[in-house]
Amino acid sequence: MQPSFSTVTVLDIPFIKTTAAKFQETLQQRILTQQNTFVVTANPEIVMYAHHHPDYQQLLQAADFVTPDGIGILDGAKILKQPLPERITGFDTLIDLLQWASDHHRSAYFVGAKPEVIAALKHKLPQDYPGLVIAGLHDGYFKDDSAIVADIQRTQPDMVFAALGFPKQENFIAEHRQTTKGLWMGVGGSFDVLAGAVVRAPQWWQKHHLEWLYRTLKEPKRLKRIAVIPHYLHLVRQQAKQQR
Ligand code: UDP
């Protein structure tokens, strides 16, 4: 039996209410039993984009699991008086799956990021995850995805990780997820971090819920991403009032 998680709905997106450890267990179980799975890890920016794009919103609602990636989602759930236990980030979920795959000789396909990042990953993954079976790697700057999808179809990986940024990665997954019986997950800029091209915020910043600030200071062009937060919180407060 698969445990199914209860959810907390923040601006029409249902977030799973569980811990990263329990979620990881569920994903591994689903991979072992060949259940097709679509995971979205969402932050306020994604929720706001979905709020303004009904097609994308429907696509997220059709995913098997949406996790709270981003402290703003936890803040939103708190405002709704339905707190979520912790962040479940795309990067940490990816790392845990790769470690598990390495320990159990499971396979993964990587699509996304720049060609030089993919070249670095090709070199680095076998060092960091010696037991991992790399079904394939492809950069995320393609015009036509048919050759990539054919490759995924042929290799039947246990997991497909799409690092194309949103909404591209979720659109890609929703369109092609039936190509395998495995797990599909959008992981944003995670390949850049895995390859060492981008450094994640040090523990202190993460522990104090300031990873967003660290990344914004490092890459000021990210400022427009956090600019949606006040509007997001305003809408969540409105939702809270309506639910009272
Ligand atoms: N990307 C891609 N194809 C595209 C646009 C973006 O592969 O057409 C990649 C980009 O190189 C980066 C990732 O998608 O590795 C998006 O990273 P970003 O930092 O925007 O995502 P976040 O982690 O903030 O969601």
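How many nonpolar, polar and charged residues does the shell around the ligand have? By class, this shell has four nonpolar, five polar and six charged residues. The model in which the ligand sits is a predicted one, and the paragraphs below begin at the ligand before turning to the rest of the chain.

There are 15 residues around the ligand, and those that come nearest are Gly140, Lys168, Gly189, Asp192 and Arg225. Several backbone atoms approach the ligand. Gly140 places a backbone N or O atom 2.8 Å from a ligand nitrogen atom. Ala113 has a backbone N or O atom 2.8 Å from an oxygen atom of the ligand, and a polar backbone atom of Gly189 lies 2.7 Å from a ligand oxygen. Taken alone, the ligand exposes 550 Å², and the protein buries 77% of that area.

The loop between β7 (159–163) and α8 (168–176) holds Pro167. The peptide bond that joins Phe166 to Pro167 is cis, with omega about 0 degrees. Lys168, one of the residues that come nearest to the ligand, follows.

The aromatic residues offer a second route through the model. The structure holds 12 aromatic pairs. One of them is formed by Trp204 and Trp205, which counts as edge-to-face because the ring centres are 5.7 Å apart and the planes stand at 85 degrees, an angle over the 60-degree cut-off. Trp205 has a relative accessibility of 23% and therefore counts as partly exposed, since that class lies between the limits of 20% and 50%.

Phe5, Phe23 and Phe65 form one aromatic cluster. Two members of this cluster, Phe5 and Phe23, are touched by Thr18, which also touches Pro85, Glu86 and Ile88 when residues up to four places away in sequence are not counted. Thr18 lies in the loop between β2 (13–16) and α1 (20–32). Its relative accessibility is 6%, so Thr18 counts as buried. Ser4, in contrast, belongs to the segment before β1 (7–10) and is exposed, at 68% relative accessibility. The C-alpha atoms of Ser4 and Asp64 are separated by 9.9 Å, although these positions lie 60 residues apart along the chain.

Asp64 is also among the contacts of Asn36, a residue in the loop between α1 and β3 (37–42). Leaving aside neighbours within four places in sequence, Asn36 is in contact with Arg30, Asp64, Arg177, Gln178, Thr180, Lys181, Gly182 and Trp184. With Thr180 there is a polar approach as well: the side chain of Asn36 reaches the backbone oxygen of Thr180 at 3.1 Å. Asn36 has a relative accessible area of 16% and is therefore buried.

Where in the chain do residues take a positive phi? Lys81, just after α4, has a value of about 60 degrees. Gln34, in the loop between α1 and β3, has a phi near 55 degrees, which is positive in a residue other than glycine. His105 likewise has a positive phi of about 55 degrees although it is not a glycine. The loop that holds His105 runs between α5 (90–104) and β5 (107–112), and His105 is exposed, with a relative accessible area of 57%.

Helix α4 itself covers residues 71–79, and its buried residues include Ile71, Gly72, Ile73, Leu74, Gly76 and Ala77.

Definitions and conventions: Residues are numbered from 1 along each chain as its sequence is written. This is a predicted model: local features need pLDDT of at least 70, side-chain atom pairs count only at pLDDT 80 or more; totals for chains, interfaces and linings use all residues. Side-chain values use heavy atoms; hydrogens and water are left out. A residue is near a molecule or strand if one of its heavy atoms lies within 4 Å of it. A polar contact is a pair of N or O atoms within 3.5 Å; within protein, one must be able to donate a hydrogen and the other to accept it, and residues adjacent in sequence count only if both atoms are side-chain atoms. Accessible areas come from the Shrake-Rupley method with a 1.4 Å probe; for residues, only the protein chains shown count as cover. Ala, Val, Leu, Ile, Met, Phe, Trp, Tyr, Cys and Pro count as nonpolar, Asp, Glu, Lys and Arg as charged, and the others, Gly among them, as polar. Rings of Phe, Tyr and Trp (its six-membered ring) pair if their centres lie within 6.5 Å; planes under 30 degrees apart count as stacked, over 60 as edge-to-face and the rest as tilted. Buried means under 20% relative accessible area, exposed over 50%, partly exposed in between (1.4 Å probe, protein chains only). Helices (H or I, at least four residues) and strands (E, at least two) are DSSP runs, numbered from the N terminus. Contact means heavy atoms within 4.5 Å.
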